[in-house]
Amino acid sequence: VLVRRVPESQPFVESRLAVLGGADVGKSTLCGVLTHQTLDDGNGKTKMNQFRHPHEVLTGKTSVCQDMIAFDSMGKILNYSATSVSEMVEQATKVVHLLDLAGDVKTTIYGLSAYGPHAVCLIV
């Protein structure tokens with residue numbers, strides 16, 4: 001049992017998880033599977049859901065992508081049932097922000113220092 005007191009001014013518990021690793025190890029694919037509940041087809045279908053910039057689509061490489069997983073009070077993931085981000089946030093008691101960092105060292109260091117993640121997931 002985890003007992004946690006959330007301040008009145010904060011509607012939900014929020015944490016940031018940085019996903020990092022080398023190029024082409026599956027960071028964006030993992031984030032896409034977790035946030036969109038779709039499996040990859042082996043050709044990058046799930047990774048394409050994560051791309052936000054035209055250069056990412058052209059090169060197939062992520063810069064820094066932010067996404068989130070929202071949970072209700074029973075621990076159920078809201079990403080798969082909510083129709084919009086605002087609906088997810090309204091119903092959420094816990095939000096995990098996924099920071100999908102690029103495979104190169106310069107962008108990874110920038111992402112770690114700029115976003116200040118609470119935890120890091122290393123994909124090898």
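**Exercise 1. Helix α1 and the strands**

Task: In this predicted model, find which strands helix α1 lies across, and at what angle it runs to β3.

Solution: Start by locating helix α1, which covers residues 27–36. Next, look at the strands it lies across: these are β1, β2, β3 and β4. Finally, compare directions: helix α1 runs at about 155° to β3.

**Exercise 2. Building the sheet**

Task: Work out in what order the 4 strands form the sheet, and which strands stand at its edges.

Solution: Read across the open sheet and you meet the strands in the order β2-β3-β1-β4, with mixed pairing. Now look at the two ends: β2 (64–71) and β4 (119–123) each have a single partner strand, so one side of each is left without a neighbour in the sheet. From one strand to the next, the twist averages 25°.

Then step inside the sheet. Strand β1 (residues 13–21) pairs with strand β3 (residues 94–101) in the parallel sense, over 7 bridges. To find your place along this pair, look for V19, which stands opposite D100 in β3.

**Exercise 3. Finding the cores**

Task: Name the residues of the largest nonpolar core, then list what A70 touches.

Solution: First, pick out the 7 residues of the largest nonpolar core: F12, M68, A70, L78, M88, A92 and V95. Then zoom in on A70. Leaving out residues up to four places away in sequence, A70 touches K76, I77, L78, N79, M88, A92, K94 and V95. Apart from the largest core lies another, of 6 residues, including V19, V96, L98 and I123. As a general rule, nonpolar side chains in soluble globular proteins tend to be buried together.

**Exercise 4. One residue in helix α5**

Task: Is T108 buried or exposed?

Solution: Begin with its place in the chain: T108 lies in helix α5 (residues 105–115). Its relative accessible area is 11%. The cut-off for buried is under 20%, so T108 is buried. Not counting residues up to four places away in sequence, T108 touches L20, L101, A102 and G103.

**Exercise 5. The whole chain and its confidence**

Task: Describe the order of the elements, and say where confidence is lowest and highest.

Solution: Count first: the protein chain has 5 helices and 4 strands. From the N terminus on, they run β-α-α-α-β-α-β-α-β. Of the 124 residues, 34% are buried. Now turn to confidence. The mean pLDDT of the chain is 79, and 79% of its residues reach 70 or more. Confidence is lowest in helix α2 (residues 45–48), with a mean of 65, and highest in β4, at 90.

Definitions and conventions: Residues numbered from 1 in each chain as written. Predicted model: local features only at pLDDT ≥ 70, side-chain atom pairs only at ≥ 80, totals over all residues. Heavy atoms only, no water. Pairing = 2+ DSSP bridges. Axes fitted to C-alpha atoms, helices over the stretch in contact; angles between N-to-C directions. Contact = heavy atoms within 4.5 Å. pLDDT = per-residue confidence, 0-100. Core = buried A, V, L, I, M, F, W, Y, C linked by side-chain atoms within 4.5 Å. Buried < 20%, exposed > 50% of the residue type's maximum accessible area, 1.4 Å probe, protein only.
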